Amino acid sequence: MTTTHVTLNPADTIAVINPNIYGHFAEHLGRCIYDGIWVGEESPIPNIHGFRVDVIEALRQMKVPVIRWPGGCFADDYHWQDGIGPRDRRPRRINIHWGEVVETNAVGTVEFTHFCRLVGAEPYFCGNVGSGTPRELRDWIEYCNFPDSSSSGSTWAQQRAADGSPSPLDVLYWGVGNENWGCGGNFSPEDYCTEFRRFASFIRGFGKKLNVIACGPANNDVEWTDRFFRKLNKDYWPFNNIDGFAAHYYCGTAGTATQYTEEEWYRLLEKGLRMEELVVQQRAAMDAWDPMRKIGLIIDEWGTWHPVEEGTNPAFLYQQNTVRDAIVAANTLDIFNRHADKVVMANIAQMVNVLQAVILTEGDKMLITPTGYVYEMYSPHQGAQSLRLRIESPEIHFQKTNILQTSWQSALQKGEKMEGKLPAVSGSASIRENQLFLSLTNSHAHEETEVVVNLLGDAGLETAEGRVLSGEIHAHNTFNEPRQVEPKFLTVDVRAHQLHLVLPAASVGTVSVKLG
Ligand code: AHR
């Protein structure tokens, strides 16, 4: 067994962890919205106004703070007026990005916002820049947020009342397009910035502060960021109606969702950890243009992207989820916690039945994936003060095949072997009053590690409770065995100013500590 030393001081704070770092993303793609969250009011599957009760309850357990909708690529081909009015009269459109299936528009603006409120989450809407107009976006915001829906109010607010919501929907987060360097219009950074300035000029809060979010780069493309902000600041007049800048990073795959070698296990975990490089370099690029750090860094799509499950529609992006995905999720959330002074939101892709889902459904069955349990275990970090921590971890060395990434989900193997390395243990810590919360992962495929946590400062340790999620490296939950991987009790010894625990191989652990 190896030993890992963790050192932290409860007074050494970074910033409050924005709960929105624990956000999700639900696109009209495959079985995410239809089947995944919506079954319709007539369904025998228990539902509240058409939304699955089992899914709502599971998401409430995870304390989902915010959900991005309706895409993704879908957003820049979505015209919100298709999703209002009587459901049986809504137009049927073709979802050109995801399998050319018919979109019934049964879930529109009022329905989706209602779902968010049932879950306890804020809606985050992504506007259509690629094929839409500034007027469409401006009207959408008025429909959602203009308070007066009486006969003397606005026509859009009256329409909202007719659709079931006399009160404003209070949608506070607005994205101006999605992946506008790609499926959202194939713009250059300068051309997108021109569109962003134009669209954002017509965004109004109607008495509420809105969060206006611009499209950031694919992966860690620093050039996009630099050229976007140069144009934003130097194009005749600087433009200020921007609160967030959103990058996307999918770490992809190695092997398949459930079949991989030990080398591929490490390979994917290492690619997941590259999120840190992205955050560090993107925030530095932003600082050059925004030295007062008024604009938050957002990662509003991230996660693993495996080859689709055999026998499923390739356009639906359905994949299984193992303890490997759980460690990618935990490592990524730890990175966001450690950068709580810059990262203000992140949205894992996607919530149900698509990519790195926290929930999978099949008919009336539902399961929580190992990634879903990580969200539930990590929820005490939300809104707490992030703490600096030092981890002296054993290193893992592994052989990897040189890979040329060709798109989010595919890569060319170039053949030659290289050495790869990653720390066995990663983590983050936070504090809320006298409650310290620590999350740690052990990426080693078969070696446990003894973790010794040293607490600096005056506070003493009173009690500690631990939980752990672990399993053989391919372990996952199925509809026949939905609880193969779930959190269990973890023994933690409290000794004066130290905590001692053993983190099993391939695991995610959390410890809640009461300080005296
Ligand atoms: O999450 C699936 C797709 O990945 C999204 O629609 C798009 O934004 C990204 O390329």
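What follows is a talk between a trainee and a mentor about the cavities and the ligand site of a predicted model.

Mentor: Residues are numbered from 1 along each chain as its sequence is written, and side-chain values use heavy atoms, without hydrogens and water. In this predicted model, local features need pLDDT of at least 70, side-chain atom pairs count only at pLDDT 80 or more, and totals for chains, interfaces and linings use all residues.

Trainee: What makes a space in the protein a cavity, and how many of 30 Å³ or more are there?

Mentor: On a 1 Å grid over the protein atoms alone, a cavity is a set of points where a 1.4 Å probe fits but cannot get out. The structure holds three cavities of 30 Å³ or more.

Trainee: What is the volume of the largest cavity?

Mentor: About 60 Å³. Volume here is the space filled by probe spheres set on the grid points, which are joined across faces, edges and corners.

Trainee: Why are residues said to line the largest cavity, and which are closest to its centre?

Mentor: A lining residue has an atom within 4 Å of a cavity point. The largest cavity has 14 of them, and Gly177, Ala214, Cys215, Ala246 and Asp300 are the closest to its centre.

Trainee: Which element gives the most to that lining?

Mentor: β10, with four residues. Strands are DSSP runs of E, at least two residues, and helices are runs of H or I, at least four; both are numbered from the N terminus.

Trainee: Which residues line the second largest cavity?

Mentor: Tyr78, Trp80, Gly127, Asn128, Glu136, Leu137 and Trp140. That cavity has a volume of about 40 Å³. Helix α3 (residues 134-145) supplies the largest share of its lining, three residues.

Trainee: How do you class that lining?

Mentor: Ala, Val, Leu, Ile, Met, Phe, Trp, Tyr, Cys and Pro count as nonpolar, Asp, Glu, Lys and Arg as charged, the others as polar, Gly among them. The second lining therefore has four nonpolar, two polar and one charged residues.

Trainee: Which residues are closest to the ligand?

Mentor: Glu27, Cys73, Glu179, Tyr250 and Glu301, out of 14 that surround the ligand. Each residue counted has a heavy atom within 4 Å of the molecule.

Trainee: Why is the pair between Glu27 and the ligand called a polar contact?

Mentor: A polar contact is a pair of N or O atoms within 3.5 Å. A ligand oxygen is 2.7 Å from an N or O atom in the Glu27 side chain, so the pair qualifies. For Asn178 the distance is 3.1 Å, again from a ligand oxygen to a side-chain N or O atom.

Note on methods. On a 1 Å grid over the protein atoms alone, a cavity is a set of points where a 1.4 Å probe fits but cannot get out, and a pocket is an open set with protein on both sides within 12 Å along at least five of seven lines; lining residues have an atom within 4 Å of a point. A polar contact is a pair of N or O atoms within 3.5 Å; within protein, one must be able to donate a hydrogen and the other to accept it, and residues adjacent in sequence count only if both atoms are side-chain atoms.
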